[in-house]
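Biologist: Please take a close look at a single part of this model, and then follow the connections from there into the rest of the chain. I would like one continuous account, with the cut-offs behind each term stated as you go.

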Amino acid sequence: MFVVMARTAGEAEVLGVKSAILGEGLTPYDHAGVERTVIAVIGEIGSRRASLMDRLGDLPGVETVTPISRPFKLTSREFQPEDTVIRVLDAVIGDGSLTMMAGPCSVESRDQLFETADAVAAAGATVLRGGAFKPRTSPYSFQGLGVEALRYLAEARERTGLPVITEVMEPNQVDIVAEYADILQIGTRNMQNYSLLTAVGRVARPVMLKRGYGATVEEWLMAAEYIVSSGNPNVILCERGIRTFETYTRNTIDLSAVPLLHHLTHLPVIVDPSHATGKRWLVAPLAMGGVAVGADGVMVEVHPDPDAALSDAEQQLTLDQFRAMMAQLIPIHAHVRGLHDVPVETTAGVTAGGGLGRH
Ligand code: PEP
Ligand code: MN
């Protein structure tokens, strides 16, 4: 349940509510919004619900107490109406700007990474990606350069000024990856690895959580809830395609998830058309689609010589293709940016968010 404080409520009243919640053996999470403070009551409430709602409702400074039927709480729009904005070095994610994450699927060598990093930075990328620990379907495929790749990524950050994102696959890798990287990526295969989610919830680095390829939007948000409830509010969601019966594409990109998530959650949403389609020539059209439906950014794989890549050769863009795609995305983003904040008329005749509206 959420305790919604009156606009006039002060710190002492918020503290009073929090200690009453703690006294019940439950955990309070408060969010001081632009308009008012909301306190989420987290824990097994069970049969106490009605009496607890009454008791909290009677405390000074409380306006209303609302039961929340959705299973995700801290990630919900009800808890935090304002968009989460994540700042990492010079990149700002979720503020309406276009975040462009680009770089090779895997870091293969210092030269390969630097050549890619220089080119994507010059073309307008805002975050540099590169896999160090690779989750490969086959144990015989290239598994990544590991810590050596992390060092190259840190050097590339120095060179370009771009924050770096890379995948962490296991709880015992979290500290070393967090030492070198600016954003931690949780891959599709690990979306429901709860010990990993809890571990990244405890570090002071933003986390990008990719959608499990068999996960519903609600399961995905519950995975994000693990990270946020462990203490890390800086979570980015990444739609990277889900598995369907279609075989011409590697996965099926669910673009409806983008406006849906903007409605359900305050967290920023990125689309990854590289892993979604698996085909180089399909990346730009789906990146454009993602930006058009209001994604906060795009992640793509870029390689100086994609055909020679050690992983995901078919889907990586050439440096030229990345530059060309940027020229397509920038005007689309500039055009749709204002449109996503315009409230739309519902069938009931009430003005509300939804459709292109975010809230
Ligand atoms: C990746 O981004 O390098 C990756 C392995 O993606 P996914 O987890 O979406 O397959
Ligand atoms: Mn890849």
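Modeller: Along the sequence, the residues that donate to the manganese ion (ligand 2) follow the spacing C-x169-H-x25-E-x10-D. These protein donors are Cys 105 through SG, His 275 through NE2, Glu 301 through OE and Asp 312 through OD, at 2.0 to 2.4 Å from the ion; a donor here is an N, O or S atom within 2.8 Å of the metal (3.2 Å for Na, K and Ca), and because water is not among the atoms, sites may look incomplete. His 275 belongs to helix H9 (residues 273–277) and Glu 301 to strand S14 (residues 297–301), so this pair ties together parts that are 26 residues apart in sequence. Helices (H or I, at least four residues) and strands (E, at least two) are DSSP runs numbered from the N terminus.

This is a predicted model, in which local features require pLDDT of at least 70 and side-chain atom pairs count only at pLDDT 80 or more, whereas totals for chains, interfaces and linings use all residues. Residues are numbered from 1 along each chain as its sequence is written, chains are lettered from A and ligands numbered from 1 in the order in which they are written, and side-chain values use heavy atoms, with hydrogens and water left out.

Three of the donors can be described further by their cover. His 275 counts as buried at 8% relative accessibility, and Glu 301 is buried with a relative accessible area of 0%; buried means under 20% relative accessible area, exposed over 50%, and partly exposed in between, with a 1.4 Å probe and protein chains only. Asp 312, at 18%, also counts as buried. Asp 312 sits in the loop between S14 and helix H11 (319–337), and its phi is positive, about 45 degrees, although the residue is not a glycine. Leu 89 likewise has a positive phi, near 50 degrees, in a residue other than glycine, and is placed in the loop between S5 and strand S6 (91–93).

The metal site leads on to ligand 1, since His 275 and Glu 301 are both donors to the manganese ion and are also among the residues that surround ligand 1, a group that further includes Arg 129, Lys 134, Glu 167, Gln 185, Lys 210 and Arg 240. A residue is counted as near a molecule or strand if one of its heavy atoms lies within 4 Å of it. By residue class this shell divides into one nonpolar, four polar and seven charged, where Ala, Val, Leu, Ile, Met, Phe, Trp, Tyr, Cys and Pro are nonpolar, Asp, Glu, Lys and Arg are charged, and the others, Gly among them, are polar. Oxygen atoms of ligand 1 lie 2.7 Å from a polar side-chain atom of Arg 129, 2.9 Å from an N or O atom in the side chain of Lys 134 and 2.8 Å from a polar side-chain atom of Lys 210. Of the 290 Å² of accessible area that ligand 1 has on its own, the protein covers 97%, by the Shrake-Rupley method with a 1.4 Å probe.

Arg 211 lies in the loop between strand S11 (207–210) and H7. Arg 211 counts as buried at 4% relative accessibility, and its side chain makes a polar contact of 2.8 Å with that of Glu 239; such a contact is a pair of N or O atoms within 3.5 Å, and within protein one must be able to donate a hydrogen and the other to accept it, with residues adjacent in sequence counting only if both atoms are side-chain atoms.

Beyond these sites, a search of the whole structure finds two aromatic pairs. Phe 2 and Phe 79 form a tilted pair, 5.7 Å centre to centre with 40 degrees between the planes; rings of Phe, Tyr and Trp (its six-membered ring) pair if their centres lie within 6.5 Å, and planes under 30 degrees apart are stacked, over 60 edge-to-face, and the rest tilted. Phe 2 is in strand S1 (residues 2–5) and Phe 79 in the loop between strand S4 (62–66) and strand S5 (86–88), so the pair links parts 77 residues apart in sequence. Phe 2 is buried at 2%, as is Phe 79 at 6%. Tyr 194 and Tyr 226 form a stacked pair at 4.4 Å centre to centre and 25 degrees between the planes. Tyr 194 lies in helix H6 (residues 194–200) and Tyr 226 in helix H7 (residues 217–229), so parts 32 residues apart in sequence are tied together. Tyr 194 is partly exposed at 35%, and Tyr 226 is partly exposed at 35%.
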